[in-house]
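Good morning, everyone, and thank you for making room for me at this meeting. I would like to walk you through one structure slowly, so please keep the sequence and the picture in view while I talk.

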Amino acid sequence: MSVPELNAAQQAKLQLMQEMEIEMMSDLYSRMTQACHKKCIPPKYADSELGKGESVCIDRCVAKYLEVHERIGKKLTAMSAQDEDLKKKMGV
């Protein structure tokens with residue numbers, strides 16, 4: 001179904017969902033940046049560039065953060081699908 005085929009209420013709901021997703025991704029990025037910076041970069045900078053160890057630490061930290069985010073997303077999607085199935089079976 002294309003966007004023009006949606007009624008005003010559906011378009012408003014879609015817009016709200018898109019805005020919420022952008023907000024959630026922005027929050028994820030902010031939290032990830034803060035957590036990985038705190039974990040991998042010492043409070044007092046010795047150089048203007050990241051060292052090899054710092055770069056590797058940040059790469060691993062970001063990869064773990066994104067992997068966990070993906071796992072949680074899949075789990076929530078599965079739980080939501082199960083909830084929808086249960087609602088259908090109950091006739092709600």
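Let me begin with a pair of charged side chains, Lys 87 and Asp 83, which form a salt bridge in which the closest N and O atoms are 3.9 Å apart. Please keep in mind from the start that this is a predicted model, and that a salt bridge is counted here when the nitrogen and the oxygen lie within 4 Å of each other, so the 3.9 Å of this pair falls within that cut-off. Why are these two residues placed about one helical turn from each other? The reason is that Lys 87 and Asp 83 are 4 residues apart in helix α2. As for their surroundings, Lys 87 has a relative accessibility of 36% and therefore counts as partly exposed, and Asp 83, at 37%, is likewise counted as partly exposed.

While we are at Lys 87, whose place is in helix α2, I would like you to look across to Leu 28, which is 59 residues away in sequence. Measured is not the word for a model, so let me say that the computed distance between the C-alpha atoms of Lys 87 and Leu 28 is 31 Å.

How many salt bridges does the structure hold altogether? There are 4 of them, and I will show you two others besides the one we have just seen.

In one of these, Lys 74 is paired with Glu 70, and their closest N and O atoms are 3.2 Å apart. These residues also belong to helix α2, and because they are 4 residues apart there, about one helical turn separates them. Is Lys 74 buried or exposed? With a relative accessible area of 56%, Lys 74 is exposed, because the cut-off for that word is over 50%, whereas Glu 70, with 45%, is partly exposed.

The other pair takes us to helix α1, where Arg 31 forms a salt bridge with Asp 27, the closest N and O atoms being 2.8 Å apart. Here again the two residues are 4 apart in their helix, which means that about one helical turn lies between them. Arg 31 has a relative accessibility of 40% and counts as partly exposed, and for Asp 27 the value is also 40%, so that Asp 27 is partly exposed too.

From the charged pairs, let us turn to the nonpolar side chains. The largest nonpolar core has 6 residues, namely Met 32, Cys 36, Cys 40, Ile 41, Ile 58 and Cys 61. Helices α1 and α2 each supply at least two residues of this core, and the largest share, 3 residues, comes from α1.

One member that deserves a careful look is Cys 61, which is found in helix α2. With a relative accessible area of 9%, Cys 61 is buried, since buried means under 20%. What does Cys 61 touch, if we leave aside its neighbours within four places in sequence? It is in contact with Cys 36 and Cys 40. Along the chain, Cys 61 and Ile 72 are 11 residues apart, and their C-alpha atoms are separated by 17 Å. Another member of the core, Met 32, touches Val 62, Tyr 65 and Leu 66, again not counting residues up to four places away in sequence.

Next comes the largest pocket, which has a volume of about 510 Å³. Of the 19 residues that line this pocket, those closest to its centre are Met 24, Met 25, His 69, Gly 73 and Leu 76. Which helices contribute to the lining? Both α1, spanning 8-40, and α2, spanning 52-90, supply at least two residues each, and α1 gives the largest share, with 10 residues. If we sort the lining by character, it divides into 10 nonpolar, 5 polar and 4 charged residues.

Finally, let us visit the segment before α1, where Glu 5 lies. Glu 5 is exposed, with a relative accessible area of 56%, and its C-alpha atom is 20 Å from that of Glu 19, which is 14 residues away along the chain.

To draw this together, please remember the salt bridge of Lys 87 and Asp 83 with which we began, the core of 6 residues to which α1 and α2 each supply at least two, and the pocket whose lining also draws on both of these helices. Thank you for listening.

Notes
Residues are numbered from 1 along each chain as its sequence is written. This is a predicted model: local features need pLDDT of at least 70, side-chain atom pairs count only at pLDDT 80 or more; totals for chains, interfaces and linings use all residues. Side-chain values use heavy atoms; hydrogens and water are left out. On a 1 Å grid over the protein atoms alone, a cavity is a set of points where a 1.4 Å probe fits but cannot get out, and a pocket is an open set with protein on both sides within 12 Å along at least five of seven lines; lining residues have an atom within 4 Å of a point. Grid points are joined across faces, edges and corners, and a volume is the space filled by probe spheres set on the points. Ala, Val, Leu, Ile, Met, Phe, Trp, Tyr, Cys and Pro count as nonpolar, Asp, Glu, Lys and Arg as charged, and the others, Gly among them, as polar. A nonpolar core is a set of buried Ala, Val, Leu, Ile, Met, Phe, Trp, Tyr and Cys residues joined through side-chain atoms within 4.5 Å. Buried means under 20% relative accessible area, exposed over 50%, partly exposed in between (1.4 Å probe, protein chains only). Contact means heavy atoms within 4.5 Å.
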